[in-house]
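Reader: I'd like to go through this one label by label. Could you show me the structure, and then I'll ask what stands behind each term?

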Amino acid sequence: MAPSGTAAVVLSAALLLPLASAGLSGYFGTKSRYEEVNPHLVRDPLSLGSAAGSRLPAACAPLQLRALVRHGTRYPTAGQIRRLGELHGRLLRRPAASAAACPAAADLAAWQMWYEESLDGRLAPQGRRDMEHLARRLAARFPALFAARRRLVLASSSKHRCRQSGAAFRRGLGPSLSFGSDEEEVEVNDSLMRFFDHCAKFVALVEENDAAMCQVNAFKEGSEMKKVLEKVASALCLPVEELNADLVQVAFLTCSYELAIKNVTSPWCSLFSEEDAKVLEYLNDLKQYWKRGYGYDINSRSSCILFQDIFQHLDKAVEESKSSKPISSPLIVQVGHAETLQPLLALMGFFKDDEPLKANNYVRQAHRKFRSGRIVPYAANLVFVLYHCDQVKTSKEEYQVQMLLNEKPLLFHHSNETISTYADLKDYYKDILENCHFKEVCELPKVNVTAVDEL
């Protein structure tokens with residue numbers, strides 16, 4: 001008997017994953033689909049996987065959940081679409097007679113360029129499903145917190161894809177929370193979700209400073225990228241001078257977008273081997289490292305305003321619990337960007353390599369911790385859960401915290417455990433909580449120093 005429509009879709013997706021994963025899909029960086037970090041979701045998007053259970057004592061009950069979520073799968077930006085159109089246009093202008101000699105180029109010339117600039121980073125239908133399914137899984141994991149009539153505080157950045165992601169998350173919870181579903185009803189909070197835009201020092205010295213990306217630019221001109229460039233030019237029968245790292249990267253990203261958005265293996269993927277994919281992933285990771293990660297202190301320090309807000313709400317929940325008051329904000333869900341999560345994780349010291357990522361240490365970084373596709377794929381989520389525990393030996397153990405990244409428990413640095421007393425966690429991050437002042441951190445230096453000196 002033929003499988004039903006739903007079963008057929010699930011089956012075809014399950015069959016497609018090994019084909020894609022065996023080659024390129026593990027190297028798409030920030031354009032990775034969420035299933036790359038949780039492969040079990042391909043077969044069942046509502047599965048809680050092997051990490052479903054926590055190691056908390058039975059006498060612990062969740063008081064508050066704070067989820068920081070990256071928006072779901074999105075379309076390319078207008079700039080990426082323009083570059084793809086430029087590359088595709090060059091293939092269309094190639095002489096038809098050379099099609100036999102260049103089958104890859106012929107296949108790509110016949111490929112339909114369906115992306116329009118008006119899509120400009122907007123949420124794809126798959127992105128809505130990402131959010132709806134995430135909401136349902138979190139509700140299944142923490143049923144007491146997501147029970148009917150519990151107050152949900154839902155906020156997002158002002159970007160359309162984030163507002164729509166927030167609305168989709170709410171829809172995923174069903175009617176039990178009695179909320180509407182329009183993204184206009186999602187509170188916009190750019191001061192927390194796009195803190196980087198409000199940090200003058202970051203904007204001037206990193207975002208708008210070409211010199212800050214010197215390692216990225218050096219890698220684009222290096223031997224590893226040169227080999228990929230030459231190989232792609234040869235496959236497309238184009239002079240290598242007609243290509244550059246940005247055009248090759250947009251071809252690679254189109255492979256990633258087609259998989260994430262349409263669940264197909266694109267003909268653009270045929271241009272790249274797994275080794276090529278590793279090089280292009282490193283290029284993406286270099287950018288993330290120097291612009292959003294450990295490259296410059298200001299990248300992570302600019303997120304202290306968000307970090308402190310998280311702990312202020314946790315503090316309030318502890319105080320309310322001690323006073324036997326209802327928890328005023330048991331559920332806080334905020335939708336932002338990879339650029340929201342990556343600096344915060346760096347501020348907390350996660351995924352830090354002993355050696356900085358640089359243009360000249362690609363080979364030595366083969367087993368690096370800092371791989372953006374494993375950390376902040378589409379729909380990435382960092383969840384703080386505060387628990388109240390009975391039957392404890394000391395009063396300090398009464399309040400405990402767990403952190404989940406992409407629905408998997410994170411090991412705390414100070415204990416190497418997946419659970420910490422709230423007091424110990426606050427003590428470990430005491431310096432950031434007390435001494436990282438956003439206004440001071442983000443203020444541009446008054447003296448006229450060079451960007452390199454300041455960074």
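Author: Let's begin with Phe307 and Tyr429, which are both buried. Keep in mind that this is a predicted model.

Reader: What makes Phe307 and Tyr429 an aromatic pair, and why is the pair called edge-to-face?

Author: Their ring centres are 5.2 Å apart, and the cut-off for a pair is within 6.5 Å. The planes stand at 75° to each other, and since anything over 60 degrees counts as edge-to-face, that settles the name. Phe307 sits in helix H13 (residues 304–322) and Tyr429 in the loop between helix H16 (422–428) and helix H17 (430–435), so this pair links parts of the chain 122 residues apart.

Reader: How many aromatic pairs are there in the whole structure?

Author: The search finds 19. Another of them is Trp111 with Trp268: centres 5.6 Å apart and planes at 85°, so that pair is edge-to-face.

Reader: What makes you say that Trp111 and Trp268 tie parts of the chain together?

Author: Trp111 belongs to the loop between helix H3 (103–110) and helix H4 (125–141), and Trp268 to the loop between helix H10 (245–262) and helix H11 (274–291), so the pair bridges parts 157 residues apart in sequence. Both also belong to one aromatic cluster with Tyr75, Trp114 and Tyr115.

Reader: How do you know whether Trp111 is buried or exposed?

Author: Its relative accessibility is 10%, and buried means under 20%, so Trp111 counts as buried. Trp268 has a relative accessible area of 0%, so it is buried too.

Reader: What makes Cys199 and Cys442 a disulfide?

Author: The sulfur atoms are 2.1 Å apart, against a cut-off of within 2.5 Å. By that rule the count comes to 5 disulfides.

Reader: And why is the Cys199 and Cys442 disulfide called left-handed?

Author: The torsion about its S-S bond is about -100°, hence left-handed. Cys199 lies in the loop between helix H6 (190–193) and helix H7 (200–207), while Cys442 is in helix H18 (residues 438–442), so parts 243 residues apart in sequence are tied together. Cys199 has 0% relative accessible area and is therefore buried; Cys442, at 5%, counts as buried as well.

Reader: What is the handedness of the link between Cys255 and Cys269?

Author: Right-handed, with 100° about the S-S bond. The sulfur atoms of Cys255 and Cys269 are 2.0 Å apart. Cys255 is in helix H10 and Cys269 in the loop between H10 and H11, 14 residues apart, and both are buried.

Reader: How do you know that Cys304 and Cys436 are joined?

Author: Their S to S distance is 2.4 Å, and the cut-off is within 2.5 Å, so the pair passes. The torsion there is about -80°, so this disulfide is left-handed. It links helix H13, where Cys304 sits, to Cys436 in the loop between H17 and H18, 132 residues apart.

Reader: What makes Cys237 stand out in its backbone?

Author: Most residues other than glycine have a negative phi. Cys237 has a positive one of about 55° without being a glycine. It is found in the loop between helix H9 (223–235) and H10.

Reader: And why is Cys237 called partly exposed?

Author: At 39% relative accessibility, Cys237 falls between the 20% limit for buried and the 50% limit for exposed. Ala379 also has a positive phi, of about 65°, but its relative accessibility of 2% makes it count as buried. Ala379 lies in the loop between helix H15 (372–375) and strand S5 (381–389).

Reader: What makes strand S4 "mostly covered"?

Author: In S4 (residues 331–336), 6 of its 6 residues are buried. Leu331, Val333 and Val335 point one way and Ile332, Gln334 and Gly336 the other.

Reader: Which strands pair with S4, and how do you know?

Author: Pairing takes at least two bridges. Strand S1 (residues 60–70) shares 6 bridges with S4 in the parallel sense, with Leu65 opposite Leu331. Strand S2 (residues 152–156) shares 5, also parallel, with Ala155 opposite Gln334.

Terms used
Residues are numbered from 1 along each chain as its sequence is written. This is a predicted model: local features need pLDDT of at least 70, side-chain atom pairs count only at pLDDT 80 or more; totals for chains, interfaces and linings use all residues. Side-chain values use heavy atoms; hydrogens and water are left out. Rings of Phe, Tyr and Trp (its six-membered ring) pair if their centres lie within 6.5 Å; planes under 30 degrees apart count as stacked, over 60 as edge-to-face and the rest as tilted. Helices (H or I, at least four residues) and strands (E, at least two) are DSSP runs, numbered from the N terminus. Buried means under 20% relative accessible area, exposed over 50%, partly exposed in between (1.4 Å probe, protein chains only).
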